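Biologist: Could we go through the sheets of this model together, and then its interior?

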Amino acid sequence: MIEFSGVFKRYGQVLALDGLGVRIEPGRVTGLLGPNGAGKSTGMRILLGLDHPTSGQALIGGRRYGELSDPLRRVGALLDARGVHPGRSARNHLLGLARANGIAASRVEEVLDQVGIARIARRRAGTLSLGMGQRLGIAAALLGDPDVLILDEPLNGLDTDGVRWVRSLLRGLAAQGRTVLVSSHLLAEMHQTADHVVVIGRGRLLADCSTAKLVGDAADPVVVRSPNPGAAEVLRTRLPSAHITVGADGDPDALQVAGADEGAVGAAAHAGGLVLHHLARRTGTLEAGYLRLVDDEIEFAAERSEGAGHVAHAAQ
Ligand code: ADP
């Protein structure tokens, strides 16, 4: 398990992490989402001991990365796929890593096969395409057969097949009970890949929930059409906490119901004796859920700084 507790990271004037606290559980793929500059890479670097928090701690299985006795066997990471010596072949790069970490050379052939680059393993890393380079980076992360995987933008540079391959690889690794933390700005892909999402903005935790919940929260209202006069009143009586408006999609006979799912709306219509000609909920997207969350944060931050302005003004 990965755990951030009260992690602050300051770079001069910039507060990259502002008291981040979150746990990343094993057995599922967790997507780390947030706008550029949110602190995703900083969090991953701190987790991997490449940077030190100003305060707080980030632990893997209860220990700091630097305290792990056999780090490559515990944690596999992909941070920057270009961090490979360009003159070395893919195979030699992996052999060097294996040797330095007491991992059997036979494991190199296994991971080359697993990521689908065995055929080009003799080519120099500098001549590989971005996608092949990503696969080599993922091979290095898998080399020690670790329980924890931390991958920063692993889909970058991959074509459609590559993206599909990474998705099934990550889901397979999580299904084996491993902890898989993946950052990506490709929200449609994360929708299909991640079971769980952690959203950060300005170094703070904005959401830590299932992907389905973030998507569901953003789903459009249920739209119903009924020939019965007074259908809106019937639904309002039966669904007092829902927000019902008359007229949807340019159709004056359609009703929009926000704040109730299609099951509740269907049941309320049935109980109220309404005939329905249409009942549908538009499918939400991860992007819509994410954008709403991030927009709220931006508005909140603006209000906060306005509030701070008032305080400063009053103090003068
Ligand atoms: P993300 O990965 O979500 O895009 P980062 O973790 O890269 O965000 O950056 C978070 C914030 O910290 C940004 O404002 C960035 O400019 C700043 N930052 C990151 N690394 C450094 C550094 N080494 N020196 C100064 N500022 C940094």
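Modeller: Let me begin with a term: two strands pair if DSSP finds at least two bridges between them. Strands (E, at least two residues) and helices (H or I, at least four) are DSSP runs, numbered from the N terminus. The model is predicted, so local features need pLDDT of at least 70 and side-chain atom pairs pLDDT 80 or more, while totals for chains, interfaces and linings use all residues. Residues are numbered from 1 along each chain as its sequence is written, and side-chain values use heavy atoms, without hydrogens and water.

Biologist: Which residue stands opposite E3 in strand 4?

Modeller: L59 does. Strand 1 (residues 2–11) runs antiparallel to strand 4, and 5 bridges join them.

Biologist: What is the strand order of that open sheet of 3 strands?

Modeller: The order is 2-1-4, with antiparallel pairing. Strand 2 and strand 4 (55–60) are the edge strands, each pairing on one side only. From one strand to the next, the twist averages 20 degrees; angles run from 0 to 180 degrees between N-to-C directions, with axes fitted to C-alpha atoms, for helices over the stretch in contact.

Biologist: Which strands does helix 1 touch there?

Modeller: Helix 1 packs on this sheet, touching strand 1, strand 2 and strand 4, and its direction makes about 115 degrees with that of strand 1. Contact means heavy atoms within 4.5 Å.

Biologist: Now the open sheet of 6 strands: what is its order?

Modeller: It reads 5-6-7-3-8-9, with mixed pairing. Strand 5 (75–78) and strand 9 (204–210) each have a single partner strand, so one side of each lacks a neighbour in the sheet. Strand 3 (residues 28–33) pairs with strand 8 in the parallel sense over 4 bridges, and L33 stands opposite V199 in strand 8.

Biologist: At what angle does helix 1 run to strand 6?

Modeller: At about 145 degrees; helix 1 lies across strand 3, strand 6 (148–152), strand 7 (179–183) and strand 8.

Biologist: Changing topic, how many cavities of 30 Å³ or more are there?

Modeller: The search of the whole structure finds 1. A cavity is a set of points, on a 1 Å grid over the protein atoms alone, where a 1.4 Å probe fits but cannot get out; lining residues have an atom within 4 Å of a point.

Biologist: Which element gives the most to the lining of the largest cavity?

Modeller: Strand 2, with 3 residues. Among the lining residues are F4, L20, V22, I24 and K40.

Terms used: 1 Å grid on protein atoms, 1.4 Å probe; cavity = no way out; pocket = protein on both sides within 12 Å on 5 of 7 lines; lining within 4 Å. Points joined across faces, edges and corners; volume = space filled by probe spheres on them.
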